[in-house]
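Here are my notes on this entry, as numbered points. Please read them next to the coordinates.

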Amino acid sequence: MLNLSPHNRIEKDLTKDFMSSSEVLGTPKAAKVLRHWLTGFLILFFIVLFLPWQQNITAEGSVTALTPQDRPQTVESAIAGRIKKWYVREGQNVRKG
């Protein structure tokens, strides 16, 4: 800084630790608006993550049973007959005998 005038010195008004470049320049208005929009979208995204989600489709037909155990199943066999009770369930390990 050129101190050409002895009567109009500004060194006593300005100190280096008082002003930083970001304080002198300030934040542009567009950056503040962008920050507010991004913060809003981030909060909205975080809220949407915890909303319940259920996918639905439209179809025609009839429901036979809701659980797999109640659904009709066909078993191919050489001997004709009817199965009265299942002793195993889907996914169980079965041993011979």
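Are Phe46 and Phe50 buried or exposed? Both Phe46 and Phe50 are exposed. Keep in mind that this is a predicted model.

1. Overall make-up. The protein chain has two helices and zero strands. Of its 97 residues, 1% are buried. The accessible surface of the chain is about 11,100 Å². Carbon and sulfur atoms account for 59% of that surface.

2. Nonpolar patch. Eight names to check on the surface: Val33, Trp37, Phe41, Ile43, Leu44, Ile47, Val48 and Leu51 make a nonpolar patch. The patch covers about 810 Å².

3. Val48. This patch member sits in helix H2, which spans residues 29–49. Its relative accessibility is 46%. Val48 therefore counts as partly exposed, because that class lies between the 20% and 50% cut-offs.

4. Aromatic pairs. Searching the whole structure gives two aromatic pairs. In one, Trp37 and Phe41 have ring centres 5.8 Å apart, and their planes meet at 35 degrees, so the pair is tilted. The tilted class holds what is neither under 30 degrees nor over 60. Trp37 and Phe41 both belong to helix H2. They are four residues apart, about one turn of the helix.

5. Exposure of Trp37 and Phe41. Trp37 has a relative accessible area of 54%, so Trp37 is exposed. Phe41 has 49% and is therefore partly exposed. The cut-off for exposed is over 50%. Both residues also belong to the nonpolar patch.

6. Phe46 and Phe50. These two residues form an edge-to-face aromatic pair. Their centres are 5.2 Å apart, with 70 degrees between the planes. To return to the opening question, both rings belong to exposed residues.

Notes. Residues numbered from 1 in each chain as written. Predicted model: local features only at pLDDT ≥ 70, side-chain atom pairs only at ≥ 80, totals over all residues. Heavy atoms only, no water. Patch = residues over 30% accessible without salt bridge, like charges linked within 9 Å, V, L, I, M, F, W, Y side chains within 5 Å. Areas by Shrake-Rupley, 256 points an atom, 1.4 Å probe, with all protein chains shown as cover. Salt bridge = Lys/Arg side-chain N within 4 Å of Asp/Glu carboxyl O. Buried < 20%, exposed > 50% of the residue type's maximum accessible area, 1.4 Å probe, protein only. Phe/Tyr/Trp six-rings, centres within 6.5 Å; stacked < 30°, edge-to-face > 60°.
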